[in-house]
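Dear colleague,

I am handing over the structure we spoke about, and below it you will find a short account of what came out of looking through it. Please read the account with the structure open beside you.

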Amino acid sequence: MSKKIDFVRSLKDLNESDLRARIHEDELRLKKLEFAHAISPLENPMSIRELRKDLARLKTQLQKKLAGV
């Protein structure tokens, strides 16, 4: 299976507070990565894009939980 599918399946098991905590942690990590990249280029700049996409998946899953779907 692909990493994305496994990631989305693992999110379905998390409750609302776990999702919010994970979102907060990933947003902090994204800020640190972007800051580090601004100072000196990262070895893998695609990690920023992957983290942004994972954050979007987390936020989407949280919205689904809040909507009751």
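Of the 69 residues in the protein chain, 19% are buried; please keep in mind that this is a predicted model. The accessible surface of the chain comes to about 5300 Å², and carbon and sulfur atoms hold 54% of that surface.

As for the fold, the secondary structure consists of 3 helices and 0 strands, which gives the pattern α-α-α when the chain is read along its sequence. Taken along the principal axes, the box filled by the C-alpha atoms is roughly 45 × 25 × 15 Å. Among the contacts with a separation of 6 or more, 64% are between residues that lie 24 or more positions apart.

Turning to charge, the protein chain carries 16 positive and 11 negative charges, and the mean positions of these two groups are 5 Å apart. Which residues form a positive surface patch? The patch is made up of K4, R49, R52 and K53, and helix 3, which covers residues 46-67, gives the most to it, with 3 residues.

K4, another member of the patch, is found in helix 1, covering residues 3-11. The relative accessibility of K4 is 47%, and K4 therefore counts as partly exposed, since the class of partly exposed residues lies between the limits of 20% and 50%.

With best regards

Definitions and conventions:
Residues are numbered from 1 along each chain as its sequence is written. This is a predicted model: local features need pLDDT of at least 70, side-chain atom pairs count only at pLDDT 80 or more; totals for chains, interfaces and linings use all residues. Side-chain values use heavy atoms; hydrogens and water are left out. Helices (H or I, at least four residues) and strands (E, at least two) are DSSP runs, numbered from the N terminus. Buried means under 20% relative accessible area, exposed over 50%, partly exposed in between (1.4 Å probe, protein chains only). Contact means heavy atoms within 4.5 Å. Accessible areas come from the Shrake-Rupley method with a 1.4 Å probe; for residues, only the protein chains shown count as cover. Lys and Arg count as positive and Asp and Glu as negative; His and the chain ends are not counted. The place of a charge is taken as NZ of Lys, CZ of Arg, CG of Asp or CD of Glu. Patches are made of residues with over 30% relative accessible area and no salt bridge: like charges are joined within 9 Å, nonpolar side chains (Val, Leu, Ile, Met, Phe, Trp, Tyr) within 5 Å. A salt bridge is a side-chain nitrogen of Lys or Arg within 4 Å of a carboxyl oxygen of Asp or Glu.
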